[in-house]
Amino acid sequence: ETVAALRDVGMGLQTSLTNSAITINPGQIRVADSVKYALVAKGFSFSADYAEATTGPDNPYSVALAYTGGPFWAGIAYENPTGSEDNLLNVGARYTFGTVTLSGGYTTGDTQPFTATLAPGVSFAIPTQKLKAWLVGANIAVGVGDIKVGYADNKVGSRKISERFGIGYHYNLSKRTKLYIDYAHDSKGFNGAFFDPRLVNAAAFNDLRNEKDGYDIGIQHNF
């Protein structure tokens with residue numbers, strides 16, 4: 001939830017981390033069959049989630065603390081997924097002054113080691129990698145609409161796996177309904193997801209693009 005509160009025009013850290021072609025375990029956002037405790041008091045909110053392990057040795061859990069006061073919001077969250085080595089720490093803040101809201105976030109953690117199989121009989125071990133990511137964004141209210149911009153940068157080990165820029169415009173038809181159009185560009189593209197040089201240079205991945213673009217357009221109604 002800490003990172004979700006900063007997400008805009010497809011620039012969320014969690015989205016970037018979990019969309020890699022080879023899964024990096026931290027950042028799953030939701031855990032199946034979990035129990036949650038939540039407390040809200042005097043601008044502070046605290047939550048803790050816990051679940052039984054289903055795909056790894058560890059029982060997944062997460063804790064988060066956030067503060068909201070007037071135009072200011074700040075949060076910190078820690079997640080321990082099911083792997084024995086993976087973990088994720090998120091911190092972020094948001095501030096509104098006038099018609100402009102600025103936000104920023106930082107993530108650090110460790111990935112779960114795994115064995116990559118490129119073909120029958122061709123495999124190698126990928127050790128734990130240090131994960132670092134950050135994002136900045138802005139929302140500018142213009143009349144009944146909002147201009148949204150964001151930039152996010154993700155690195156696993158020494159390799160940058162994603163570098164994204166996004167911009168969008170959301171037009172509010174009412175308090176619950178809006179039209180939107182967004183555009184995002186990732187300068188690392190699909191090749192950036194393979195954070196180990198042996199994966200990048202593998203023949204099976206040679207035709208993957210180094211950059212990619214995406215857009216969405218539609219209408220959203222909140223019930």
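Which residue in E6 is the bridge partner of asparagine 87? Aspartate 110 is, and that pairing is a handy way into the sheet. Some notes below.

1. Ground rules. This is a predicted model, where local features need pLDDT of at least 70 and side-chain atom pairs count only at pLDDT 80 or more, while totals for chains, interfaces and linings use all residues. Residues are numbered from 1 along each chain as its sequence is written, and side-chain values use heavy atoms, with hydrogens and water left out.

2. The overall make-up. The chain comes to two helices and 13 strands; both are DSSP runs numbered from the N terminus (helices are H or I, at least four residues; strands are E, at least two). Of its 223 residues, 36% count as buried, where buried means under 20% relative accessible area, exposed means over 50%, and partly exposed lies in between (1.4 Å probe, protein chains only). About 12,300 Å² of the chain is exposed, with carbon and sulfur atoms supplying 58% of that; these areas come from the Shrake-Rupley method with a 1.4 Å probe, and for residues only the protein chains shown count as cover. As for contacts (heavy atoms within 4.5 Å), take those between residues at least 6 apart in sequence: 46% of them join residues at least 24 apart.

3. The sheet. Eleven strands make an open sheet with antiparallel pairing, in the order E1-E2-E3-E4-E5-E6-E9-E10-E11-E12-E13. Strand E1 (34-41) and strand E13 (212-221) stand at the edges with a single partner strand each, so one side of each has no neighbour in the sheet. From one strand to the next the twist averages 10°; axes here are lines fitted to C-alpha atoms, for helices over the stretch in contact, and angles run from 0 to 180 degrees between N-to-C directions. Two strands count as paired if DSSP finds at least two bridges between them.

4. E4 with E5. Strand E4 (residues 72-80) pairs with strand E5 (residues 87-97) in the antiparallel sense, over eight bridges. To check the register, look at glycine 75, whose bridge partner in E5 is glycine 92, and at isoleucine 76, which has valine 91 as its partner in E5. The two strands form a hairpin with six residues between them.

5. E5 with E6. Here eleven bridges join E5 to strand E6 (residues 100-110), again running antiparallel. Alanine 93 stands opposite glycine 104 in E6, and the opening pair, asparagine 87 with aspartate 110, belongs here too. This hairpin has two residues between its strands, and glycine 98 in the turn has a positive phi of about 65°.

6. E6 with E9. E6 goes on to pair with strand E9 (residues 130-142), antiparallel over eleven bridges. Threonine 107 has alanine 133 as its bridge partner in E9. A salt bridge also ties aspartate 110 to lysine 130 through their side chains (3.8 Å, N to O). That pair links distant parts of the chain, with aspartate 110 in strand E6 and lysine 130 in strand E9, 20 residues apart. Lysine 130 is partly exposed, at a relative accessible area of 41%.

7. The other salt bridges to look at. There are four in the structure, a salt bridge being a side-chain nitrogen of Lys or Arg within 4 Å of a carboxyl oxygen of Asp or Glu. Asp153, Lys160 and Glu163 are linked in a network of them. Lysine 160 meets aspartate 153 at 2.9 Å, N to O, and glutamate 163 at 3.9 Å, N to O. Aspartate 153 counts as buried at 7% relative accessibility. Lysine 160 is partly exposed with a relative accessible area of 27%, and glutamate 163 is partly exposed as well, at 22%.

8. One backbone angle to look at. Lysine 42 has a positive phi of about 50° although it is not a glycine. This lysine 42 is found in the loop between E1 and strand E2 (44-51). Is lysine 42 buried or exposed? Lysine 42 is exposed, with a relative accessible area of 83%.
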